[in-house]
Amino acid sequence: MPIAKSNARRKIGILGGSFNPAHAGHREISVAALERLGLDAVWWLVTPGNPLKDSSIYAPYEERLKHARVISDHPDIVVSDFEKRHGLTYTVDTLEALQDDNPNSRFVWLMGADGLETFHKWKDWRVIADRAVFAVFARPGYGEGALSSPAAKDLAAFRVEIDQATDFALIDAPRWIYFPDTNNPISSTELRNRKIQHSNKDNQPADLSVPHGHLAYFLDLHPDLGDFRADAIEGLGKKQKSISPKYFYDERGSKIFNGITEVKEYYPTRTERQIFLDNAKEITGEIGAGVGVFEYGSGSSEKIEWLVKGLKNPAAYVAMDISRDHLIESASVMAEQLSIPVAAICADFHAPIKFPKGVLKDPEHWLGYFPGSTIGNMLPETAVGFLRRASETLGTGAQFLIGVDQVKDKSVLEAAYDDAEGVTAKFNMNLLVRMQRELGAKINIDDFEHYAFYNEQLSRIEMHLRAKQATKIVIDDHEFSFAKDETLHTENSHKFTDEKFSQLVNQTPWHVEKTWTDPQGWFAACLLSNR
Ligand code: AVJ
């Protein structure tokens with residue numbers, strides 16, 4: 001979209017970067033800037049980068065631009081190829097060109113706190129600061145630290161207080177402002193909307209929009225995201241202190257989890273992928289033609305490609321996830337990449353789901369897809385309930401392809417959940433970091449350590465946060481004391497034998513039709529059927 005020249009006296013925020021790829025964080029900063037600074041618009045300037053130096057790490061420019069347009073999804077955010085059209089790569093030059101082109105606009109340069117940390121390395125950063133005011137937003141994992149960065153110290157005298165935010169865009173540079181409270185991935189508006197959404201949860205109608213961008217439909221069942229504060233206070237008050245593992249997955253936690261799937265000791269992701277790839281022909285043959293694929297907890301949808309590409313005449317792909325923004329973003333990307341209808345449903349795994357009628361044509365049958373052994377995080381009775389509901393959702397004649405981690409040598413299991421690099425430890429400890437940040441909890445993080453062990457009796461890995469010495473966690477006016485070695489139980493990850501898994505499945509309308517495994521028998525892909 002070209003940038004109009006007739007935008008007199010508009011206050012415009014600029015978010016520049018490679019957008020490789022654009023993500024929810026870009027949008028969060030932009031929405032915060034629109035609200036806090038009273039901007040008229042935010043322009044995302046997608047920089048072409050240096051094609052000689054960086055072609056291996058950058059996705060093609062058009063792709064980045066297109067993806068940014070999908071992610072931005074806001075009437076006041078404009079994605080622009082200004083830098084490409086003007087052949088510019090440095091912010092200092094871009095700002096000059098923008099100001100020359102738009103003499104009646106006021107520009108505010110926007111950045112996350114991570115940007116401020118490295119600002120002193122940008123070309124002519126002092127000139128940039130002289131040219132335009134800039135606003136810095138705390139991001140998950142980056143906060144006050146950015147304020148002690150070289151640029152922040154150097155420009156300290158030019159910092160203005162946040163009570164001047166509404167007039168900030170009209171002040172003359174050099175001036176900057178720092179918003180310390182934007183690192184909660186939930187924006188204030190979203191919070192407001194959520195309250196409205198959940199206040200009448202029981203008779204909350206589902207929202208169906210047809211079509212939604214490239215999606216065949218987007219069905220919003222308004223999943224209950226849980227109340228971290230209430231659940232933390234309740235869980236910490238129990239005899240065995242505990243909290244649901246769903247709270248691991250904030251933005252930082254999800255990133256750390258991605259890191260786990262790449263560590264040497266964490267075999268499940270890699271092994272499952274290999275099983276799928278090695279047996280793709282047989283698996284897709286067993287499933288047959290014309291099926292609709294329904295993925296539980298689709299995340300970034302990257303685990304679906306082998307399946308949809310291998311299946312004969314697949315009818316549709318429906319992605320389901322609890323995280324609305326990520327779902328819309330990744331399903332939209334899939335819709336562009338796959339040549340079949342793609343739809344998205346925002347819901348919780350456990351919710352019963354009725355597919356909207358008359359939007360997609362009925363498939364031969366539905367295939368549920370639930371990789372990653374996430375079913376192992378449920379207690380056995382919860383897994384039974386989940387499978388029963390899935391059978392109702394998918395209807396008679398359905399199949400269900402599930403990744404199931406297997407019982408194996410204790411040392412292999414324990415290493416997978418306590419890797420030498422400490423990535424899993426960081427993942428577990430992130431819960432405490434999140435409590436501090438989002439709940440204002442008082443915790444001495446160093447008093448705790450990651451603790452994972454295989455509980456043979458219950459065939460499960462248990463993850464805990466263990467107090468190295470007597471300590472306490474304070475949330476609001478609740479004080480929870482830990483004796484030395486006392487733990488907060490954070491996750492179970494059940495491991496199965498063929499027999500144990502069949503026993504579980506047989507309490508539901510499903511039966512195990514076929515199982516594929518790796519040569520060591522560490523992981524299994526199980527195809528269930530309710531025929
Ligand atoms: C993705 C939930 C299946 O239980 O193995 C990884 C999560 N926890 N390391 C698992 C996890 C610690 C993972 N699941």
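**Figure 1. The mix of residue classes around the second largest pocket.** By class, 14 nonpolar, 15 polar and eleven charged residues make up the lining of this pocket. The structure shown here and in every view below is a predicted model. The pocket itself has a volume of about 1200 Å³. Which residues sit closest to its centre? Of the 40 lining residues, these are G16, G17, S18, F19 and W122. Several elements give two or more residues to the lining: the strands β1 (11-17) and β4 (106-112), together with the helices α1 (24-36), α2 (51-54), α6 (113-118) and α11.

**Figure 2. The parallel sheet of seven strands.** Here the strands follow the order β3-β2-β1-β4-β5-β7-β6 in an open sheet, and the pairing is parallel. At the edges stand β3 (77-80) and β6 (159-160); each has a single partner strand, so one side of each is left without a neighbour in the sheet. For β6, the partner to look at is β7 (residues 176-179), joined in the parallel sense over two bridges. Take R159 as a starting point: its bridge partner in β7 is W176.

**Figure 3. Helix α3 ends at S72, a buried serine.** S72 belongs to α3, which covers residues 61-72. Is S72 buried or exposed? With a relative accessible area of 5%, S72 falls under the 20% limit and therefore counts as buried. Leaving aside residues up to four places away in sequence, S72 touches R27, W44, I77 and V79.

**Figure 4. A151 and its contacts in the region of helix α8.** A151 lies in α8 (residues 150-154). The relative accessible area of A151 is 0%, so this alanine is buried. Which residues does A151 touch, once those up to four places away in sequence are set aside? They are L116, F119, H120 and W125. For a sense of scale, F82 is 69 residues from A151 along the chain, and the C-alpha atoms of the two are separated by 27 Å.

**Figure 5. Strand β11 and its two parallel partners.** β11 (residues 292-296) is mostly covered, with five of its five residues buried. G292, F294 and Y296 point one way from this strand, while V293 and E295 point the other way. In a regular strand, side chains alternate between the two faces of the sheet. One partner of β11 is β14 (residues 366-370), paired in the parallel sense over four bridges; in that pairing, V293 stands opposite L367. Another is β12 (residues 316-321), also parallel, with five bridges. To find your place along this second pairing, look for Y296, which stands opposite M320 in β12.

**Figure 6. The largest nonpolar core, with M435 as a guide.** This core has 37 residues, and those with the most contacts inside it are I243, L432, M435, I443, F448, I473 and I475. Both helices and strands give two or more residues to it: α10 (228-236), α11 (251-260), α17 (410-416) and α18 (423-439), along with β17 (448-455), β18 (460-467), β19 (471-475) and β20 (478-482). Which element gives the largest share? That is α18, with seven residues. M435 is a handy residue to zoom in on: beyond residues up to four places away in sequence, M435 touches F228, A232, I243, G440, A441, I443 and L488. A second, separate core has 36 residues, including A343, F400, V404 and L504.

**Figure 7. The mixed sheet of four strands and its hairpin.** The strands of this open sheet are ordered β10-β21-β18-β17, and their pairing is mixed. β10 (241-242) and β17 are the edge strands, each pairing on one side only. How many bridges join β17 to β18? There are eight, and the two strands run antiparallel. Within this pairing, F448 stands opposite A467. β17 and β18 also form a hairpin with four residues between them, and in the turn S459 has a positive phi of about 50°. β18 pairs as well with β21 (residues 487-494), in the antiparallel sense and over seven bridges. Here the bridge partner of R460 is H494 in β21.

Note on methods:
Residues numbered from 1 in each chain as written. Predicted model: local features only at pLDDT ≥ 70, side-chain atom pairs only at ≥ 80, totals over all residues. Heavy atoms only, no water. Core = buried A, V, L, I, M, F, W, Y, C linked by side-chain atoms within 4.5 Å. Buried < 20%, exposed > 50% of the residue type's maximum accessible area, 1.4 Å probe, protein only. Contact = heavy atoms within 4.5 Å. 1 Å grid on protein atoms, 1.4 Å probe; cavity = no way out; pocket = protein on both sides within 12 Å on 5 of 7 lines; lining within 4 Å. Points joined across faces, edges and corners; volume = space filled by probe spheres on them. Nonpolar A, V, L, I, M, F, W, Y, C, P; charged D, E, K, R; others polar. Pairing = 2+ DSSP bridges.
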